[in-house]
Amino acid sequence: MTLHEHDVIVVGAGGAGLRAAIAAHEEGADVAMVTKLHPVRSHTGAAEGGINAALREGDSWEDHAYDTMKGSDYLGDAPAVETLCQDSPEETIQLEHWGMAFSREEDGRVSQRPFGGLSFPRTTYAGAETGHHLLHTMYEQVVKRGIQVYDEQYVMELAVTDHGDPEDRVCHGCIGYDIKTGNLNGFVANTGVVIATGGPGQLYAHTTNAVAQTGDGQAMAYRAGAPLQDMEFVQFHPTTLPSTGVLISEGVRGEGGILYNSEGERFMFEHGYANNDGELASRDVVARAEVTEVNEGRGYENDAVHLDMRHLGEERITDRLENIIHLATDFEGVDPLEEPMPVKPGQHYAMGGIETDENGATCIEGLYAAGECACVSVHGSNRLGGNALPELIVFGARAGRHAASGEPASSQIETGPSARTETSNVDAPVELGRVGADAVTDGGTLLDATPNEVVDHTLEQERERVETLMETDGINHADVRSDLQETMTENVNVFRNEAGLKQALEDIRACRERYQDVGVSDPSRTFNTDLMQTIETRNLIDQAEVLTLGALARTEFRGAHWRESHQERKDEEWLKHTMVAWNGGDPELYYTDVILEGEEKEYEPKVRSY
Amino acid sequence: MSTHVSESESEADAATDQQDRPAAQQRRVEKKRERHEQRERASDSSETEGQTILLKVFRYDPEVEDKREPRFDDFHVPFKKGMTVLDALIYSRDHYDSSLTFRHSCRQAICGSDALFINGSQRLGCQTQIDDLDQPVRVEPLPHQEVVKDLVVDMEDFYEGMDAVEPYFQEENLPSDLEEQRQDRANREKIKMSTRCIWCGACMSSCNIAAGDNYLGPAAINKAYRFVMDEREGEAIEQQRLETIEEEQGVWRCQTQFSCTNVCPKDIPLTEHIQELKREAVKNNLKFW
């Protein structure tokens with residue numbers, strides 16, 4: 001039994017985690033990163049498009065904030081959105097000062113390009129592999145600072161006191177499973193734990209996300225008592241390759257790529273989906289347009305439409321989008337210099353996540369979250385392209401700094417059950433939550449325990465969980481996971497209706513019950529990925545339930561969430577954040593207010609047209 | 001901005017870049033032709049669609065009694081068009097044997113987790129189409145690295161090599177918080193290929209010298225190249241970097257066999273980069289002579 005003690009523990013080592021670790025280190029904290037992948041394997045590396053930052057004459061953070069708020073369909077919180085837009089220029093230039101290889105203009109300054117939903121070409125980029133450069137640049141800085149990285153160490157659960165009210169709880173650390181050796185390790189955090197574990201893309205069968213994107217952080221924070229916010233808002237990227245889900249960057253459309261249906265029509269204009277912005281309308285608009293075209297019989301095989309960039313010319317494509325040539329060739333067998341690429345919508349991004357304030361703090365003392373796993377909320381019901389990377393660096397840095405300080409800071413965004421303004425009375429068709437009581441932070445025995453005792457207690461609990469899974473001669477988790485992905489893909493996709501969402505909740509329930517019979521058949525303690533993935537699948541089940549419950553309750557159309565019988569935005573009834581709390585195994589759905597009041601102005605909800 | 005090259009040499013570099021682009025294009029066309037021929041061959045020899053392919057996978061686990069002696073297991077996987085070696089491994093694990101162990105994550109050749117030894121050469125599992133391979137498909141862990149379990153190798157040596165070249169940007173003289181350093185487009189183009197490295201370790205595994213000797217290896221030297229050639233880093237640090245790569249484990253160990261360049265899944269001209277650094281080092285030594 002080993003306990004590792006540090007000031008700040010960062011869980012996950014993608015963009016947000018790396019930035020948090022650097023920021024905490026700069027505050028003088030002893031920082032350690034605990035991550036299931038080596039940092040350079042993180043999925044931030046797959047981000048292609050770029051970083052929105054108001055850097056140039058004629059642009060301003062206010063314009064960026066306006067675009068972001070409109071893109072969010074007015075479900076973003078103004079203090080979060082304005083922080084993002086104010087801090088992004090400095091954070092972006094910080095990356096350049098750390099040597100990031102941005103694409104350049106003739107005068108040697110960093111290049112920017114147009115992206116969907118933006119009123120100014122403010123997407124700063126490095127070819128069509130911006131995330132790769134961002135990830136490696138920040139990892140270099142972590143190496144430079146000598147920050148300790150426990151890699152291939154899978155964090156299974158948070159160590160939190162078990163006060164009845166989550167707002168009274170304190171997070172003292174987490175439990176890691178050392179994948180290489182099979183040892184369980186306790187990590188004690190003196191001042192704060194930052195969760196930066198990315199999104200839950202593996203909820204869906206067709207996703208741009210990596211296999212590692214199982215949303216472990218959300219699930220752990222949720223069971224520890226931090227609510228999950230706005231989880232029903234899932235971004236389906238309009239241009240992914242049909243065979244694999246590999247992403248074709250929005251940069252292709254930003255540079256002038258055109259979408260065609262099988263009748264050769266430029267449908268974004270010709271069928272009136274977005275008469276002004278066409279292909280560069282917001283992602284949810286383009287994704288629904290594509291599915292509509294396919295449903296109405298104007299698609300190509302594999303439910304695809306065509307994305308054509310040949311007219312841009314080889315020189316421009318090679319200069320700005322070379323990576324796209326490789327992706328289309330390697331993963332779809334199509335040479336985009338010679339023919340159009342087949343594309344279809346694929347799960348891409350979770351707007352929702354762990355409820356945090358603008359400092360990255362959750363309602364649990366000492367627990368912070370940043371990046372895709374968090375919901376600050378800057379993206380509201382729909383994220384604009386080029387806004388994910390600035391979120392990582394802006395809120396990663398803030399979370400890291402605050403975690404290092406060890407003191408709760410004041411904020412405009414309120415968190416936790418006390419921010420509740422309304423309780424839901426949605427009628428779920430099945431019981432939710434519980435079944436196996438594993439990993440619930442109830443009990444009331446640790447109220448006055450020392451941090452080490454809290455971590456030790458959780459370590460013991462997790463040891464039992466591992467032993468049980470190892471000893472059970474049960475079914476393979478992969479069967480449960482694939483059933484879960486199937487129902488999410490079928491029923492909780494771009495187009496949603498009540499019957500489908502209820503069906504999904506029933507299927508998710510069945511998965512939760514079947515999960516009781518799961519066992520790990522690999523008997524080894526060495527690199528037991530079977531065990532790790534079995535635990536991940538449990539995390540996916542918790543999140544699928546939260547997501548679908550929120551989607552069933554929300555009877556309106558806003559951003560990425562569309563309902564068949566409710567095809568309009570209903571501000572009077574639904575201008576509010578969805579919150580689901582684990583509540584000791586008895587999930588509870590409630591709502592909180594959206595903050596539209598900015599520093600100097602109020603963001604008045606308008607019709608979102610492009 | 002670094003001042004290590006004269007005006008005329010900068011122009012020469014820019015001119016080379018112009019020639020490089022067609023060369024990169026040439027490589028791409030060449031690769032495509034090879035793949036096309038291979039597919040033709042494969043479809044002649046067997047109608048793979050609707051068929052089952054045979055995967056022979058290396059197995060080893062020091063902790064499990066019947067896996068202590070390394071062996072190969074056969075997996076029969078139903079073929080689907082577009083199936084990659086990684087897809088076939090995932091299928092085998094999820095349907096036949098959940099203890100089959102391999103690293104993988106992004107499925108799109110950017111995380112660098114799944115470099116494997118496939119039919120005798122180092123390739124990424126996710127980037128290798130089953131259609132492009134002769135059957136049966138033999139999948140082994142990367143050679144020259146210690147096997148942890150099945151297809152998983154110990155990467156510590158690789159990471160240590162990377163750390164040894166001080167793999168981070170070092171420039172103290174920076175503009176104000178909101179202003180970027182200027183970088184010439186040609187200079188960005190110059191370092192572009194070197195920045196594509198995904199740390200997969202294929203190059204290191206393919207290199208005979210790295211196998212036997214204490215050698216930094218192609219990826220680490222390429223990382224050094226990325227900074228040496230970046231005009232944003234100053235002269236003093238460049239001097240220091242050139243000294244590092246000239247040390248005993250450095251560039252002079254390379255015997256220009258091109259094995260690293262041949263296996264690099266990101267088409268980085270590793271051998272050329274190493275040769276270029278040798279030239280820089282010589283020029284640098286002459287300067288102080």
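In this predicted model, D73(A) and R569(A) form a salt bridge, with their closest N and O atoms 2.6 Å apart. The two residues come from distant parts of the chain: D73(A) sits in the loop between α2 and α3 of chain A, while R569(A) sits in the loop between α14 (529–553) and α15 (571–574), 496 residues away in sequence. D73(A) counts as buried because its relative accessibility is 5%, whereas R569(A), at 22%, counts as partly exposed. The pair also belongs to a network of salt bridges, whose members include E232(A), D284(A), R288(A) and R608(A).

If you follow the charged side chains further, you will find 70 salt bridges over all chains. Another one worth a look joins E91(A) to R19(A), at 2.8 Å between the closest N and O atoms. E91(A) lies in helix α3 (residues 78–97) of chain A and R19(A) in helix α1 (residues 15–26), so this pair ties together parts that are 72 residues apart in sequence. Both of these residues are buried.

Now turn to the place where the two chains meet. Here 64 residues of chain B are in contact with 77 residues of chain A. Together the chains bury about 5,900 Å², and 45% of that is on carbon and sulfur atoms. On the chain B side, Q108(B), E180(B) and R185(B) lose the most area to chain A, together making up 12% of what that side buries. Between the two chains there are 11 salt bridges, along with 43 residue pairs in polar contact, counting pairs with both residues at pLDDT 80 or more. Several elements give two or more residues to the side of chain B that touches chain A, among them α2 (85–95), β6 (147–149) and α4 (185–192) of chain B. The most comes from α1(B), with five residues.

Two of the pairs across this boundary are easy to find. K149(B) forms a salt bridge with D522(A), with the closest N and O atoms 2.6 Å apart. R56(A) and E180(B) meet in another, at 2.9 Å from N to O. That second pair runs from the loop between β3 (51–52) and α2 (61–71) of chain A to the loop between α3 and α4 of chain B. R56(A) counts as buried at 17% relative accessibility, and E180(B) is buried with a relative accessible area of 3%.

Next come the nonpolar cores. The largest has 145 residues, and L55(B) and L89(B) have the most contacts inside it. Helix α9 (residues 314–332) of chain A supplies the largest share of this core, seven residues. Beyond its neighbours within four places in sequence, L55(B) is in contact with residues including F75(B), V77(B), L89(B), V137(B) and V139(B). Another core, of 60 residues, lies apart from this one and includes I364(A), L432(A), L505(A) and L589(A).

Polar side chains can be buried too, and N261(A) is an example, at 0% relative accessibility. N261(A) is in the loop between β12 (258–260) and α7 (267–270) of chain A. A polar atom of its side chain lies 2.9 Å from the backbone nitrogen of E263(A), and the side chain of N261(A) also makes a polar contact of 2.8 Å with the side chain of E265(A).

Finally, why does C126(B) form no disulfide? The closest cysteine sulfur, in C106(B), is 5.4 Å away, which is too far for a bond. Over all chains, the structure holds zero disulfides.

Terms used
Residues numbered from 1 in each chain as written. Chains lettered and ligands numbered in written order. Heavy atoms only, no water. Helix = DSSP H or I, 4+ residues; strand = E, 2+ residues; numbered from the N terminus. Buried < 20%, exposed > 50% of the residue type's maximum accessible area, 1.4 Å probe, protein only. Polar contact = N/O pair within 3.5 Å; in protein donor to acceptor, adjacent residues only side chain to side chain. Disulfide = S-S within 2.5 Å. Core = buried A, V, L, I, M, F, W, Y, C linked by side-chain atoms within 4.5 Å. Contact = heavy atoms within 4.5 Å. Buried area = accessible area lost by both parts, 1.4 Å probe. Salt bridge = Lys/Arg side-chain N within 4 Å of Asp/Glu carboxyl O.
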